[in-house]
Structure formats: structure tokens, C-alpha cells
Amino acid sequence: MSKVRGAVALLSLSVATFVALPAAGGAASGAGTHWVGSWTAAPTNGGYQPLTDQTVRSIIAPHLAGSRVRVHLTNRFGVAPLVITGATIGTAAPGGGVATGTLRTLTFSGRTSVTVPAGADVVSDPVAARVRPFTKLAVSTSVSGTVAKPTTHYTTREDNYATAVRSGDHSADLSGAAFTRSATPTGWFFLEGVDVTAAARVASVVTFGDSITDGYQGRLAPAGENLTTVGKEERYPDFLQRRVDAAGLPLSILNAGISGNRVLQDGSIPIFGPRALSRVGADAIDQPGVRTVIVFEGINDIGQATGHALTAAKLIAGYGRLVARLHHAHLRVLLGTLTPAGGAAAPGYGRTADRIRVPVNRWIRRQKDADAVIDFDAAVRDPQRPSRIRPAYDGGDHLHFNAAGYRALANAVPLKQLRSR
């Protein structure tokens, strides 16, 4: 994966004060500091909604505090060069606006525009901007021409915004007047990550998984996403970050989940992303400051095993390859057991999934390949019906979780296994 890195730029700290900052691709300035991811989203081929001469405004909730940031934008799944005419970051205000005094212009090698080749990522120059944990940021990106297949992270659990087609560059607007909220909370366009400078002892933990990591809250009837809880930061990585903060641990929890993702095969539709075995490098190993990766996926390999005969042995072999790849990168690996899916409507899930899920979980609990095991299954299963989620944790579709369930998953993670060194 190619990277287009920013060079040294003169960046405004105030109207009249300027300071030279280091290249985005290099070490952070200051003795004993480095770049650590505060927020990330694993990109996919979400080319369901083309963009033409317009601006998108993504709302995100970072996990790690900082006063100097850089932003990762991506054209990883684009079919043509992506022309970005303007990009900004600032504290989000209601209705798609940006709080007064917080808007910062992003530059790339000192320029406010950049062309990102198809298949490439770009990192902004560092900029002075205050980031607070769980205080929402608005990252705005304007594009020139038509982007037929914009690289996107589909399931966001946030209200995001876009201007009208051919409305031009509104990335510097403080007001949200030109923006319309997305009909459903989908689509972080082009936005891959936000890093902050942090002390050398601070590290990131990547939670690598599928929709359960992504935080999807589903309903059985009517089928679809539960929209009443959007914007509340109730994913299990969010609850884990709160635990880490309460314990005073110098860690940032990064969410690299993709709804619908599988270990062995690419997603059944493009927004479900590339297989875990092919994306682990870009979405986990390459994360700034990463020391530990939690691997928690495989239920979609079972539930969507169409066109091939999946066996427990094949899925176990996939885990072995993932763990070996992460260990080769000198990362600590925590392997999670698969949670129940009994009662789920899709025929490949339900109790039939236990034919593979149960022996896979048995292997996960006994194996010695990973550095530790997180027994997510034991934390959330119904003691009376172990093929099902405990009712108090069930999001409604018998596959995903409500806030209490996602909190239970976070509580199952042994904090002593999350190491910053």
C-alpha cells in the first residue's frame, strides 16, 4: 500500500504565530514523543454513493487526548485519482457545524489540496488542534470532479453530513447550513485515522473484527439497524477505552472492525471489506503506536459460508495465519472466542452455527499460539441456552448486542494483557 506523506510545513497556531513542525511521516517533535492513533476506521469499497464536486463532513469520537494531530485520508478502493481541494478538522457542533475557534485547515506537503492516486493513502502535515477523548470532531473533505467509487467505512453509528452535488468546497464552513445529515448513519468517506503526539509510554491496542467490533446494533423486527442509540459511543472498544482510562493505563483503543467482515474470504458485498487475512497489515499492523491486537471475528465465515465447505479446521488454520503474521510484526495477540448466534434469522447463523463455532471456541481456549485468550462467549452467553446471547445483552437480532452487551464484552478483556511496552 503506497503512502503519500506530508513534508515539513509552517502551520498556524494562531492568527499571528507560526511554528515549523516535523514531517507527518517522521517522529513527533519533543523528547520521547511519538505518533499514536486516537481514532481509526478500516476502509472498504463503499462505492454505492458517488460524489461530485461536493464536501463530506465526518463526525468521529477520538479516544486519545492530544494537542497536535495529523489525519489519514484514503483512496484505497478508488478506481481513479482522488482530487481533494480542501480538508479541515475541528470540534463538532450541533447540526453539522464546527465550534468557533476550533477549525484547522489541513495541508499536505504545505498545500491545501492533494491528489491521491487510486489505491493510495495520504497523511496530512501535523497541525495544532486540541483533541479530547470522546469529544466529537468534524473532519471535512471536499472533492473535485466525480468520485465514482469513494472509499468508505460504511457502519459508523454517527450522524454524518454532505453538501449537495456540485456545491463545491464547504470544508471551511463553521455553519452546517450547507450540509444535509445522512438518512442513515452510514459513511465515513475517505477518512482512515486521526493520530496525536503522545509520550513514548503511550501505545495503541487494535480491536480487529467484524460488526460486533464495529458496534452494530441490530433488530430482528423490523430488520435493520437500531437508530435510537446512534452517536452514543456504545461499541465494545468504546467501553474498553473507558475502562482503560479509569485504570489510568496509557493506551488508546482503536476500532478496526468492519461489519460483515470474514477471516478467510472477502466480504460477500464490497462494503463488508477484504478478508481479515489480507487487510491485517494495513488495518492493524500499520496503526501508529500499536503494541497489542485483539482478534475477534469468524462468525461471518460460519454464517455466510456460501459456495465453499467451511470446516472448523479451515477457520482454525486462518487464525493461525493471522496470529503468525501479527507475531512476525512483534505484536502481542489476544484471541477472542466467538459469541452465540442462536435465534438469528439468517439460516447460516442460529444454532446451526454451533456445529463449527463450538469446536473453534474449544480450540481457542486451549491453543498456545496467541499470547492470551479473551472468552467473549462465556461473558455473554445465556447460561440456560448457551447457543444464545443472554437476553439482557441481546440487541434484538440475536447476533449483535445492545449497550449492556457491548459493555460486557469490554469487561471480559483482562486489562493486564493490554501492554504499552
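Three cavities of 30 Å³ or more turn up in this predicted model. Here a cavity is a set of points on a 1 Å grid over the protein atoms alone where a 1.4 Å probe fits but cannot get out, while a pocket is an open set with protein on both sides within 12 Å along at least five of seven lines; lining residues have an atom within 4 Å of a point. Grid points are joined across faces, edges and corners, and a volume is the space filled by probe spheres set on the points.

The table sets out the largest of each kind.

| Space | Volume | Lining | Nearest its centre |
|---|---|---|---|
| Largest cavity | about 150 Å³ | 17 residues | W39, T40, W188, R235 and N255 |
| Largest pocket | about 500 Å³ | 27 residues | Y216, F272, D397, L399 and H400 |

For the pocket, strand 17 (151–155) is among the elements giving two or more residues to the lining, and strand 17 gives the most, with three residues. Helices (H or I, at least four residues) and strands (E, at least two) are DSSP runs, numbered from the N terminus. The pocket lining splits into twelve nonpolar, eleven polar and four charged residues. Over in the cavity lining, you get seven nonpolar, five polar and five charged. In this scheme Ala, Val, Leu, Ile, Met, Phe, Trp, Tyr, Cys and Pro are nonpolar, Asp, Glu, Lys and Arg are charged, and the others, Gly among them, are polar. Strand 4 (33–40) and strand 25 each put at least two residues into the cavity lining.

Strand 25 also belongs to an open, parallel sheet of five strands, ordered 25-22-26-27-28. Strand 25 (251–257) and strand 28 (372–374) are its edges, each pairing on one side only. Two strands pair if DSSP finds at least two bridges between them. Further in, strand 22 (residues 203–209) and strand 26 (residues 290–296) run parallel, joined by six bridges; in one of them, V205 has T292 as its partner.

Now for one residue of strand 26, namely I294. Is I294 buried or exposed? I294 counts as buried because its relative accessibility is 0%, with buried meaning under 20% relative accessible area, exposed over 50% and partly exposed in between (1.4 Å probe, protein chains only). Contact means heavy atoms within 4.5 Å, and I294 touches residues including V205, L334, I374 and V413, leaving aside those up to four places away in sequence.

A few ground rules: residues are numbered from 1 along each chain as its sequence is written, and side-chain values use heavy atoms, with hydrogens and water left out. As the model is predicted, local features need pLDDT of at least 70 and side-chain atom pairs count only at pLDDT 80 or more, while totals for chains, interfaces and linings use all residues.
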